[in-house]
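Work through the exercises below with the sequence and the model side by side, and try each task before reading its solution.

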Amino acid sequence: MRAIVADPGAAALAMRQDPPTGADEVLLRPRRVLLLAADHSAWSRRRGFLGVPGACVMGVVERPTNAQADLPKGMRVVIAPVLPCGRCVHCRSGLAAVCPDRTIAGLRGRDGGLAEL
């Protein structure tokens, strides 16, 4: 698939493998991606994000997993970019927003929406 790949100080179009999906995730085909100042900061020298930027994504379901079978292919969705681990003491006590192991699509530890999938 084609994707915009950022590394500190630059971004370029590149070919990448299709992203893997976890048991509770859905493969999404982005239709709209909103870029914010945080996206630029993530791939600038200030944070050094390496990967596909774009945290705010609206798209359509390309391939649901068994756990997400109620989301049919082609359904329009908006992603929740902050993905907590679900295992730590914060997540188990209902404080997933402060999970120290959380990833943020396109900003921290997980690719974002500036890609075909």
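Two residues are in contact when they have heavy atoms within 4.5 Å of each other. The model is predicted, so local features need pLDDT of at least 70 and side-chain atom pairs count only at pLDDT 80 or more, whereas totals for chains, interfaces and linings use all residues. Residues are numbered from 1 along each chain as its sequence is written, and side-chain values use heavy atoms, with hydrogens and water left out.

**Exercise 1. Describe the setting of Arg32.**

Step 1: Arg32 belongs to strand E3, where strands (E, at least two residues) and helices (H or I, at least four) are DSSP runs numbered from the N terminus.
Step 2: Arg32 is classed as exposed because its relative accessible area is 58%; the classes are buried under 20%, exposed over 50% and partly exposed in between, with a 1.4 Å probe and protein chains only.
Step 3: Setting aside residues up to four places away in sequence, Arg32 touches Cys56, Val57 and Met58.
Step 4: From Arg32 to Leu114 the C-alpha separation is 8.9 Å, although their positions lie 82 residues apart in sequence.

**Exercise 2. Contrast Leu28 and Glu62, and work out how their strands are joined.**

Step 1: Leu28 also has its place in strand E3, and Leu28 counts as buried because its relative accessible area is 11%.
Step 2: Beyond four places in sequence, the residues touched by Leu28 include Val57, Val60, Glu62, Val77, Ile79 and Leu117.
Step 3: Glu62 is found in strand E4 and is partly exposed, because its relative accessibility is 22%.
Step 4: With residues up to four places away left out, Glu62 touches Leu27, Leu28, Arg29, Lys73 and Leu117, while its C-alpha atom is 19 Å from that of Ile4, 58 residues away along the chain.
Step 5: E3 and E4 (residues 56-64) run antiparallel and are joined by 8 bridges, where two strands pair if DSSP finds at least two bridges between them.
Step 6: Within this pairing, Leu27 stands opposite Arg63 of E4.
Step 7: E4 is in turn joined to E5 by 3 bridges, again antiparallel, and Met58 has Val78 in E5 as its bridge partner.

**Exercise 3. Give the strand order of the open sheet of 3 strands and identify its edges.**

Step 1: The order is E6-E7-E8, and the pairing is mixed.
Step 2: Strand E6 (82-83) and strand E8 (109-110) are the edge strands, each pairing on one side only.
Step 3: E6 and E7 are antiparallel to each other over 2 bridges, with Leu83 opposite Thr103 in E7.

**Exercise 4. Which residues make up the largest nonpolar core?**

Step 1: A nonpolar core is a set of buried Ala, Val, Leu, Ile, Met, Phe, Trp, Tyr and Cys residues joined through side-chain atoms within 4.5 Å.
Step 2: The largest such core has 6 residues, namely Met1, Ala3, Leu27, Val52, Ala115 and Leu117.
Step 3: The contacts of Ala3, leaving aside neighbours within four places in sequence, are Ala12, Leu13, Ala14, Arg16, Val52, Leu114 and Ala115.
Step 4: As background, nonpolar side chains tend to be buried together in soluble globular proteins.

**Exercise 5. Characterise the largest pocket and its lining.**

Step 1: On a 1 Å grid over the protein atoms alone, a pocket is an open set of points where a 1.4 Å probe fits, with protein on both sides within 12 Å along at least five of seven lines, and lining residues have an atom within 4 Å of a point.
Step 2: The largest pocket has a volume of about 950 Å³, a volume being the space filled by probe spheres set on the points, which are joined across faces, edges and corners.
Step 3: Its lining has 34 residues, and Glu25, Val26, Ile79, Leu83 and Arg110 lie nearest the centre.
Step 4: Strands E3 (26-34), E5 (76-78) and E7 (103-105) each supply at least two lining residues, and the largest share, 4 residues, comes from E3.
Step 5: The lining divides into 20 nonpolar, 6 polar and 8 charged residues, where Ala, Val, Leu, Ile, Met, Phe, Trp, Tyr, Cys and Pro count as nonpolar, Asp, Glu, Lys and Arg as charged, and the others, Gly among them, as polar.
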